[in-house]
Amino acid sequence: MRLTAGETGYIYRVTTVAMDRRTFLRATGLSLAGVASAGWAAGGLAPGAGATAAQATAVAIDELAASLDYDQERIFRFVADEIAYEPYAGILRGPHATLTGRAGSAADKAVLLAELLHASLLTTRFVVGMLDDAAADGLARTTADPAAVRRRREMALAGGARSTSDAPLAPEVRAIVDRLPEIDAAVTSWAATTLDTSATTIVSALAGAGITVPAAPGPLPLLERSHHVWVQVRFGSDWLDLDSTLPGTEPGGRLATQDAEPTTTPPDDLRHRIDIDVVVERIRGDALEREVVIEHTLFADEVTDAPIAFGHARPEGLKALGGGLAQLLDGGVRYQAVLQAGETSYIATSSVLVSGGGGGVFDIGETASRDGEATAEWLDITITAPGGRTRSIQRVVFDRIGDAVRQAGTIDLASVPAVELPRLGPAAAPEYPPLCAVYFISIATGLSRRPTVPAGMSGEEARVAAALGIPAAMHHVTRDTTNAVLTLDRGVAVHLDAPNLTMHSYIPVVDGDGSVRVRESLDLLHRSFGVLPVAGIAPVAPPGILAGVASHVAERLRMGEGLPADLAMRPAPIGPGAIVERAITDGTGLIVIRADVPQDASYPAAIVARLQGVLAEGWVAVGPRRPVMVDGEARLGWWLVDPVTGATVDMADDGRGVAMVEWAIDVVVVMIVAVVAFVCVGSASRAAAWNAEVAELQGIVKGLGGDVPAIPPSQGACG
């Protein structure tokens, strides 16, 4: 149980039906094309995988071990010399992501080494010990070779399953591809300018408030020092130490003193854990109670290439599943929360009742019972690092009461407005739009590969997965490329030191005239970066600030900023960085907020409460003195800086990241191709490898009734 009870009571009657994703789709008869065209999802949009991450890892490990002739010495030399050391705590990437990104902590390198030795039929065990001062100081002085970092980025992008499509590019897509050099020049220039300007803004604002953040990377993570991990392999009747942390190390050597009994498997307490809960709030008598309807736990090192999707299904569509779901069909407008993690679908057996009547507006009446009616739903995610430190993220799915009313402590349940159930299509049944949204979560632990349609998908399922599911993962690719292209030249090598989570959301919005739009947002749920100095290049700004701003720049690139004028998104995406920029240009000015939001900041009460929660964690906020107008809407956003470490993230007033006001399906290909231009700069062969995916995206755009604007071609092509 991970929720803390406040005024609202919690119950933990967690009951789910778990089944294979394909079984779920067959039983419910859900068509992904139909789901997408209707503007809503029933959890069936999650890209699956032809092989699980574990199976894919096993194949890669077996092939690598064979290429090394199953030779213990060659395997050890490969992991020690070819897998770079990056200082972070515990087991984060596992063997798959460590191999893909060619880098890892001592623990992750040990896990990869053990897997390769197992594939060679050798017996191993794990040992944990404390580094002495000399060894710890040596690891803390690790620097990054920029050429090696870029090579690792190239290798990661070259990996992954290829689409088998040989469809030629449509002329309008070909026209965009022909402009890749021009597009790359535009987005690279914009990204560099935005990175430098934003970093300077933050540093100057903090300096004006008397705050100076570290100008160099911090010391070795404490857990990396106190829980150093290496492998021992059976050598006759003895055990031989194989500490693969640093290049050039010889078998039999080790950096730490053993202080615990060896184990055959790596300790779970050194792994990064992710807990995902779906929480529903309901009316019970004269009070409110909350119930956890889905509870899912996973380890970060096991989720590489395992996409996660969250949505809802109507119970009447689940009749074919039978069993524990039969009791859900007893009237009212209800939905079942569905979480898809890799190949498994988890369907909550406790429904979300939003209306006791049929279509239209629910008439509550004096005699109507509202018992059991849902007033809110949240997606709660908790990330637990080795050592027990937790980070909690909550996102609102819908809330009919609001934080301000809850904080006031007086909730009049009779005044809670009834829900409206519009039709999202001419022949569609009445629906509750917030529960027709679909959320795709992508988890990154190391260098990200280019996302592709999973091998187990085909036809409409593959095309919809490409158009809707892949964009969540594209942020990680763009962020890693931004770091390789921009931050290395500024003296900082950035790596992930904890799970980084993005959520790409598609939320239907019904206008007053009954037309349906889709609001698209890219939400960076959790970001955490480690930094290394670059050999021979002094940092141009504090490393933590550069790392955080680069991630934000990648977020804005993914949402279409920086494009040439004729390809630019209209209206432009709204995000924290753009809000801060607007406050500077319109004369609003910036303030630095430490512990308490000043009364003269003119912030709404609900936003003050959200920001105070962040400040209580030790962050310092840099943002507008008062709300600024962005496309006719009053908005707030901040840079959040940890003054101790310099770690930097951004946060908008709704707690989310960059959002587009409206999702225009006809610009999806433009956005993706623009990112491809940035990622594939200077590599015609790599750009050509993306062409099949671009053609697939063109297919889904056409299939959903959209189009790609014809763009005049220019000379030259990246692919």
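**Notebook: burial, salt bridges, a sheet and two cores**

I started with D275, which is buried, with a relative accessible area of 1%. The model I am reading is a predicted one. I then looked up the partner of D275: its side chain meets that of R273 in a salt bridge, at 2.9 Å from N to O. R273 counts as partly exposed, at 32% relative accessibility. The cut-off for buried is under 20%, so I enter this pair as one buried residue, D275, and one partly exposed residue, R273.

**Other salt bridges**

I took the total next, and the count comes to 28 salt bridges. I went through some of them.

R254 forms a salt bridge with D241, and the closest N and O atoms are 3.6 Å apart. This pair links distant parts of the chain, 13 residues apart: D241 is in strand β7, and R254 is in the loop between β7 (238-242) and β8 (256-258). For accessibility I noted that R254 is partly exposed, with a relative accessible area of 40%, whereas D241 counts as buried at 11%.

D81 forms a salt bridge with R77, with 2.7 Å between the closest N and O atoms. Both residues lie in helix α4 (residues 72-82), four residues apart, which is about one turn of the helix. An α-helix has 3.6 residues a turn, so residues three or four places apart point the same way. D81 counts as partly exposed, at 34% relative accessibility.

I also entered a network of salt bridges that links D268, R271, D301 and E302.

**Helix α5**

Is helix α5 enclosed or open to the outside? I checked its residues (94-101): eight of the eight are buried, so the helix is largely enclosed by the rest of the structure. The buried residues are G94, P95, H96, A97, T98, L99, T100 and G101. Just after α5, I noted that R102 takes a positive phi of about 55°.

**A four-stranded sheet**

I traced an open sheet of four strands, in the order β24-β25-β28-β29, with antiparallel pairing. Its edge strands are β24 (590-593) and β29 (648-652), each of which pairs on one side only. From one strand to the next, the twist averages 20°.

Following β24 inward, I found that it pairs with strand β25 (residues 620-624) over four bridges, in the antiparallel sense. V592 stands opposite V622 in β25.

Which helices lie on this sheet? Helix α10 (residues 180-208) lies across β24, β25, β28 (637-641) and β29, and runs at about 70° to β28. Helix α14 (residues 543-558) also packs on the sheet; I have it touching β28 and β29, and its direction makes about 40° with that of β29.

**Nonpolar cores**

In soluble globular proteins, nonpolar side chains tend to be buried together. I looked up the largest nonpolar core here and found 42 residues, with I274 and I381 having the most contacts inside it. Strand β12 (residues 333-341) gives the most to this core, with five residues.

I then listed the contacts of I274, leaving aside its neighbours within four places in sequence. I274 is in contact with H296, T297, L298, A300, I381, T382, I383, I443, P499 and L501. I381, also noted for its contacts inside the core, is thus among those I274 touches.

My last entry is a second, separate core of 34 residues, which includes I183, V187, V494 and A541.

Definitions and conventions: Residues numbered from 1 in each chain as written. Predicted model: local features only at pLDDT ≥ 70, side-chain atom pairs only at ≥ 80, totals over all residues. Heavy atoms only, no water. Salt bridge = Lys/Arg side-chain N within 4 Å of Asp/Glu carboxyl O. Helix = DSSP H or I, 4+ residues; strand = E, 2+ residues; numbered from the N terminus. Buried < 20%, exposed > 50% of the residue type's maximum accessible area, 1.4 Å probe, protein only. Pairing = 2+ DSSP bridges. Axes fitted to C-alpha atoms, helices over the stretch in contact; angles between N-to-C directions. Contact = heavy atoms within 4.5 Å. Core = buried A, V, L, I, M, F, W, Y, C linked by side-chain atoms within 4.5 Å.
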